Each structure stands twice: as structure tokens, then as C-alpha cells.
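Q: I am new to reading protein models and would like a close look at one part of this one. Could you take me through the way two of its helices pack together, and then through what surrounds that packing?

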Amino acid sequence: MHNDLRAAIDESFLNARQALGAKSPQRAYPWLERAHILTQRMPLLHAYSHWLMFLAGWEERDYREMLGQAARIPAALLFSKIWCLWAVPDEQESAPFNRCQYQMS
């Protein structure tokens, strides 16, 4: 994984977790949306972004959000992996770069 991408993902999750820890889910959502986009080719991290969105919904007692995220967590695990099998690197990515190879540490 490119260092810049890893740093952006780490920053997004860190800020989202800090906002959730401060009981401020509205502050977490922009960071979670960013993490969600950046991790779309990484099944575990993509599912983790949905898990944190579920927790944000829990904090707000937004049951509709929680239900939506509960359905998206397994879908992210399954479909991110399937989608990655045919993924072509983005124009801004170098050819050997493949987000699918990344595993959560």
C-alpha cells in the first residue's frame, strides 16, 4: 500500500474513533465517509468503516442507520473482495499498487 494512502486511512480512522470516543458522532461521520471511500478495495477495512458507522448510529440512537450498516458489514466483506478480483488500478495509482492485498494490522 502506498504510504500516502495508508496515512490517509489511519488519519481518517483515528479522527473518527476520537470523535466517537468524545460522544460526537456528527464529527465522526465526515471521517468515516472518507475512510469508507479510501478502503473500498480492502474488505476488512471497508467493513470496519461500516462498523464504526454502526457505532455512530448507536450513539445517536438512529436505528435506521444501525440497520443499514448492519446489512452493509457482511456485504462489504463479500463484495469488496469479489469486486477486487476484477479491479483495475485507478488512473492515479501505479500499476503494481493493489489495495486488495492489504490486511488489517
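A: Here is a walk through one helix pair, followed by some details around it. Please keep in mind that this is a predicted model.

Let's start with the pair itself. Two packed helices are described by the angle between their axes and the distance between the axes. For α1 and α3, the angle is about 20° and the axes are 11 Å apart. Angles under 35 degrees count as roughly parallel, so α1 is roughly parallel to α3. The crossing of α1 past α3 is left-handed.

Which residues make the contact? From α1 come Ile 9, Phe 13, Arg 17 and Leu 20. On the side of α3 you will find Leu 45, Tyr 48, Ser 49, Leu 52, Leu 55 and Ala 56. Sorted by character, the residues of this contact between α1 and α3 comprise 8 nonpolar, 1 polar and 1 charged.

Now stay on α1 for a moment and look at Ser 12, which belongs to this helix. Ser 12 counts as buried because its relative accessibility is 0%. Apart from neighbours within four places in sequence, Ser 12 is in contact with Trp 31, Arg 34, Ala 35 and Leu 38.

Next, move over to α3 and its aromatic rings. A pair of aromatic rings is described by the distance of the centres and the angle of the planes. The whole structure holds 2 aromatic pairs. Trp 51 and Phe 54 form a stacked one, with 5.4 Å from centre to centre and 10° between the planes. These two residues, Trp 51 and Phe 54, sit 3 residues apart in helix α3, so about one helical turn separates them. Trp 51 is partly exposed because its relative accessibility is 38%, whereas Phe 54 has 18% and therefore counts as buried.

Finally, have a look at the loops that follow these two helices. Most residues other than glycine have a negative phi, and most peptide bonds are trans. Lys 23 has a positive phi, near 60°, although it is not a glycine. You can find Lys 23 in the loop between α1 (3-21) and α2 (25-38), and at 59% relative accessibility Lys 23 counts as exposed. Arg 61 is not a glycine either, and its phi is positive at about 55°. Arg 61 lies in the loop between α3 (43-60) and α4 (63-85). With a relative accessibility of 45%, Arg 61 counts as partly exposed.

Notes: Residues numbered from 1 in each chain as written. Predicted model: local features only at pLDDT ≥ 70, side-chain atom pairs only at ≥ 80, totals over all residues. Heavy atoms only, no water. Helix = DSSP H or I, 4+ residues; strand = E, 2+ residues; numbered from the N terminus. Buried < 20%, exposed > 50% of the residue type's maximum accessible area, 1.4 Å probe, protein only. Axes fitted to C-alpha atoms, helices over the stretch in contact; angles between N-to-C directions. Parallel < 35°, antiparallel > 145°, perpendicular 65-115°, else oblique. Left-handed = near helix turned anticlockwise from the far one by under 90°. Contact = heavy atoms within 4.5 Å. Nonpolar A, V, L, I, M, F, W, Y, C, P; charged D, E, K, R; others polar. Phe/Tyr/Trp six-rings, centres within 6.5 Å; stacked < 30°, edge-to-face > 60°.
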